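Hi everyone, thanks for coming along. I'd like to walk you through a structure today, so let's get it up on the screen.

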Amino acid sequence: MSKELVAALETLEKEKGISKEIVIEALEAALVSAYKRNYGTAQNVEVEFDDDNGEIKVYQVREVSEEVYDSQLEISLTDALEINKAYEIGDKIRFEVTPKNFGRIAAQTAKQVIMQRMREAERSIVYNEYIEYADDLMTGTVERQDNRFIYINLGKVEAVLSKRDQIENERYHTHDRIKVYVSNVENSTKGPQVFVSRTHPNLIKRLFEQEVPEIFDGTVEVVSIAREAGDRSKIAVMSRDENVDPVGTCVGPKGTRVQAIVNELNGENMDIVEWDEDPAIFIKNALNPAQVLEVMFDKENKSCVIVVPDYQLSLAIGKRGQNVRLAAKLTGFKIDIKSESDMSNLEEEAEDLTNDSFFEALNDGEEVAEQEVDSLENPDQSFFDAAAGVDVEDIDEIQVSDAANNNSDIYAEEVATGMDQQPLDPLNDGDFEKGELNPEDMEDMIQSAEKRDGMDEEIDAEIDIDEIEEISEETDEENS
């Protein structure tokens, strides 16, 4: 080796970015490998490289011992003392064994090892450089394409653009310069692999950071992005400064900022909406340009129903459902859109169903009716006031049962006078005239009610027949 080798290593370091120390380490390993191949051992061989003159020396290391079992690994104490009187058992002595001529095989082996180490070092440098560009935007040149990938030259590495990462309506030609999003960087056995995308939502975010200084410096923040690559995207933005309009900032003067991004993506539409901490307002903004009348939430399922005017239903849904689909992705809510008329019909149907259910339950039996009557302030009088709207048979069963259970002459009078509301004959087929109630019939009514309701206790109600007759006569006089 000579000084020319040192100069070559320095040039290699400048041009390829490979450290001279890495190459020297590779050379030392190559010489050890070549020595092992030629001389059958390498476990006690060391190599030294001289940075000044470029010389490399090979040393064989032997251990001082009392008895020598392997002359390649050990040296006797007697022989060691002849070299230096200071040696003791266990010391290691180095002997220079640099071959004058490694031969063709040794040189070829050294070359292969050096080239391998150089490739590994170069891959490591490229990987460490491009791993910093992960989740970032880069500009590259289209070099070639095959059935699987389009290969983009990013400088020191060739990135790959798969079919799923290509915008459907875009066509790429050789030497085209395009902006791509670095989605992943892998260090494989074949070297660093850089994967790029044109469909990733973060591509939109990085493009806005380039075009809008307020986003780059953090004044305006991109909160969420929903994208259908090549067709339409929705971007939710918020401002950390109340004096800065986030939507207007992203649009730019006369739309210049957003138009530059649309041009870069070959006409992909951009909807920029303002983010709000209130989900209802955020959803209304996300459904722009449609007008939203009402938002009803189902927090457990994280879904909502949106009510819009009839004439804006198709606008809210969008072409092939795109508007509502992107709004759902942007907000994170499942969205169901109803027109104003459809919602009114649903509410009417629900109200009718509720009323029908109530009246059906009311007519099912005496128990429901009694619960309703008991809830009133004056259940007895209220019941008779409502008797005119109830079937005669229902009044017969409920009213007479209540009269039998009430131990009060006053209550009997109310029963008698209450008959003015509607003719009542629960026992006979004939009709009574208004205000006329025969005492015998009253007693028959009480006994009939006692039998039907299974009453086991004795009726204690005392009814004064004379008072009933007086009430009937007073009622006839009032009627006349």
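Let me start with a small puzzle: which residue in S6 is the bridge partner of Gln-145? The partner is Ile-150. Before I go on, please keep in mind that what you see is a predicted model.

That bridge belongs to a pair of strands. S5, residues 136-145, and S6, residues 149-153, are joined by four bridges and run antiparallel. Both strands are part of a closed barrel, which has five strands in the order S5-S6-S7-S9-S8. The pairing in this barrel is mixed, and from one strand to the next the twist averages 55°.

Staying with the barrel, let's look at one residue in strand S8, namely Glu-186. Is Glu-186 buried, partly exposed or exposed? Its relative accessibility is 38%, so Glu-186 counts as partly exposed. If we set aside the neighbours within four places in sequence, Glu-186 has contacts with Tyr-127, Gly-191, Pro-192, Gln-193 and Phe-195. There is also a pair I'd like you to find on the screen: Glu-186 and Ile-131 are separated by 55 residues in sequence, while their C-alpha atoms are 8.2 Å apart in space.

Now for a helix that will keep coming back, H5. This helix lies across S5, S8 and S9, and runs at about 125° to S8. H5 also has a helix partner. Residues 201-211 make up H5 and residues 256-264 make up H8, and the axes of these two helices come within 10 Å. How do they cross? The angle is roughly 135°, and that makes H5 oblique to H8. As for handedness, the crossing of H5 past H8 is right-handed.

Who makes that contact? On the H5 side we have Leu-207, Phe-208 and Glu-211. H8 brings in Arg-257, Val-258, Ala-260, Ile-261 and Glu-264. Sorted by class, the contact of H5 with H8 holds five nonpolar residues, three charged ones and no polar ones.

Let's move over to the open sheet. Here three strands are arranged in the order S10-S11-S12, again with mixed pairing. The edges are S10, at 220-228, and S12, at 269-274, each of which pairs on one side only. Ignoring direction, neighbouring strands in this sheet are turned by 20° against each other on average. Strand S11, residues 232-239, runs parallel to S12, with six bridges joining the two. To give you one example, Ala-236 has Val-273 in S12 as its bridge partner.

And here is H5 once more: the helix packs on this sheet, touching S10, S11 and S12, and its direction makes about 140° with that of S10. Helix H9, residues 279-286, packs on the sheet as well and touches S10, S11 and S12. The direction of H9 makes about 155° with that of S12.

Last stop, further along the chain. Strand S14, at residues 303-308, runs parallel to S15, and six bridges join them. Within that pair, Cys-304 stands opposite Ile-335. So which side chains of S15, residues 334-339, are buried? They alternate along the strand: Ile-335, Ile-337 and Ser-339 point to one face and are buried. Lys-334, Asp-336 and Lys-338 point to the other face and are not buried.

That's my tour. Thanks for listening, and I'm happy to turn back to any part of it on the screen.

Note on methods:
Residues numbered from 1 in each chain as written. Predicted model: local features only at pLDDT ≥ 70, side-chain atom pairs only at ≥ 80, totals over all residues. Heavy atoms only, no water. Buried < 20%, exposed > 50% of the residue type's maximum accessible area, 1.4 Å probe, protein only. Pairing = 2+ DSSP bridges. Axes fitted to C-alpha atoms, helices over the stretch in contact; angles between N-to-C directions. Parallel < 35°, antiparallel > 145°, perpendicular 65-115°, else oblique. Left-handed = near helix turned anticlockwise from the far one by under 90°. Contact = heavy atoms within 4.5 Å. Nonpolar A, V, L, I, M, F, W, Y, C, P; charged D, E, K, R; others polar.
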